[in-house]
Amino acid sequence: MTHPLDAADPLASYRDLFVGASSDLVYFDGNSLGRPLSATGPRLARFVEEEWGGRLIRGWDERWMSLPQEIGDELGRVTLGAAPGQTTIGDSTTVLLYKLMRAAVAARPGRTEIVIDRDNFPTDRYLAAGIAEECGLTLRWIDVSLDAGVTPDLLAAAVGPSTALVVLSHVAYRSSWLADAALLTRITHDAGALMLLDLCHSAGSVPVELDAWDVDLAVGCTYKYLNGGPGSPAFCYVAERHLSSLSQPIQGWLGSVDPFLMGPSYAPAAGIRRFVSGTPAVVGMLAMQDMISLVSSAGIDAVREKSVALTSYAISLGESVLAPLGVVLASPRADADRGGHVTFNHPLMREVTAALWQRDVIPDYRDPGGLRLGLSPLSTSFAEVERGIHLVAETLTDLAG
Ligand SMILES: *Cc1c(COP(=O)(O)O)cnc(C)c1O
């Protein structure tokens, strides 16, 4: 019998387009590694046969060299609120974060601080610490509550005339806190600093308006809500107004003005291509194209609407089924403050997660005691949420026994 919320969901049929949709497995980790689309297998096979196998080295001239910018523009249009020419695909999120952080601090000479919060994702914090050491800068930490995130007041208290760069996640990886990116960017700019937004947990699930919010720089993953597959290359955005002035630190030949001139020294390309370093991971960019077109056909606002419905359903079930077992919500309760996942805390959640994986129920565990449910909007059903949360309760009851 169809769950009444699935029956009323205008996007319900999209779930059938994903590999494994008909199995009983409950997948709550589409925010760490999205499911593949059924269209992706044939796309990869076609690429091997026709493009790689058929065009061979000619493929670079014909299509592959410009693919990172073409996909970047489409991603920008569908999910980032970014006009063409500002987004490209390449490298890992970590490497792109390094490139943009390093470029940003160099663009604010004389300013000595990078502002970042203590609960930002580890790679962001480690990179900021490394760059601070490399460039003789200081980190100014914002302390945040683990079930919330960076508020305008917290940021306003941390920035000032010494701030070169602010690095924040749009959606917090642990709590799901959805930052007010427009207001945080304004506060950053009022202090004369640049804003670098990490979009790993929002791209593809939460509408983003980089141009309208006046964000300077952004980076995000494509293997989470963009279903690009394990290790698919990340994306970066550099606002038009910075494209000719920022210099990135990994000056490779493919970001140079005329790579095939093979000249004696590096001069950066015009536009977003100057943030490319080496040969793009073309095979890794194939799968994300299927998901970008799916999000385009559903519309990011409708995707967000379903996302909010899924997370609020999970929270209400959590209240009735999990709270009596001592489980505490560790994500914002207000829909407007929450991204696409929900975290529930209990001291036994590490063991609960391990036991659930054995039973084909796949959430994520995040210290301390957090069971994280990532509800990828187009591939998750309400029935799946209901079944999964009841199995969390059952498993927790057994383990607490
Ligand atoms: C997943 C994630 C990353 C991952 O970076 P990789 O280089 O792809 O390993 C970085 N930042 C945030 C906020 C993330 O959620």
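1. Pro368 sits in the loop between S12 and S13, and in this predicted model the peptide bond that leads into Pro368 from Asp367 is cis, with omega near -10 degrees. As background to this point and the next, most residues other than glycine have a negative phi, and most peptide bonds are trans.

2. Positive phi values deserve a look at several places. Leu56, which is not a glycine, has a positive phi of about 50 degrees and belongs to the loop between helix H2 (40-55) and helix H3 (58-64). Asp91, in the loop between S2 and helix H5 (93-106), has a phi near 60 degrees, again positive in a residue other than glycine. Because its relative accessibility is 32%, and the partly exposed class lies between 20% and 50%, Asp91 counts as partly exposed. Asp360, just after H12, takes a positive phi of about 60 degrees.

3. Helix H12 (residues 349-358) has Met349, Val352, Thr353 and Leu356 as its buried residues. They lie on the same side of H12, because the arc that they cover around the axis is only 100 degrees. In general, an α-helix has 3.6 residues a turn, so residues three or four places apart point the same way. The buried residues of H12 pack against strand S10 (341-345), strand S11 (361-362), strand S12 (364-366), strand S13 (370-374) and helix H13 (382-400).

4. An open sheet of seven strands, with mixed pairing, follows the order S2-S8-S7-S6-S5-S3-S4. Its edge strands, each of which pairs on one side only, are strand S2 (87-89) and strand S4 (138-142). On average, and with direction ignored, neighbouring strands of this sheet are turned by 20 degrees against each other.

5. Within the sheet, strand S5 (residues 163-169) pairs with strand S6 (residues 194-198) in the parallel sense over five bridges, and Ser169 stands opposite Asp198 in S6. Helix H6 (residues 122-135) packs on the sheet, where it touches strand S3 (113-117), S4, S5 and S6, and its direction makes about 165 degrees with that of S3. Helix H4 (residues 67-80) lies across S2 and strand S8 (235-238), and runs at about 125 degrees to S2.

6. The largest pocket holds about 280 Å³ of space. It is lined by 19 residues, of which Asp6, Arg15, Ser381, Ala383 and Glu384 are the closest to its centre. H13 gives the most to this lining, with three residues; H13 is also among the elements against which the buried residues of H12 pack.

Methods: Residues are numbered from 1 along each chain as its sequence is written. This is a predicted model: local features need pLDDT of at least 70, side-chain atom pairs count only at pLDDT 80 or more; totals for chains, interfaces and linings use all residues. Side-chain values use heavy atoms; hydrogens and water are left out. Buried means under 20% relative accessible area, exposed over 50%, partly exposed in between (1.4 Å probe, protein chains only). Helices (H or I, at least four residues) and strands (E, at least two) are DSSP runs, numbered from the N terminus. The arc is that of the directions from the helix axis to the C-beta atoms. Contact means heavy atoms within 4.5 Å. Two strands pair if DSSP finds at least two bridges between them. Axes are lines fitted to C-alpha atoms, for helices over the stretch in contact, and angles run from 0 to 180 degrees between N-to-C directions. On a 1 Å grid over the protein atoms alone, a cavity is a set of points where a 1.4 Å probe fits but cannot get out, and a pocket is an open set with protein on both sides within 12 Å along at least five of seven lines; lining residues have an atom within 4 Å of a point. Grid points are joined across faces, edges and corners, and a volume is the space filled by probe spheres set on the points.
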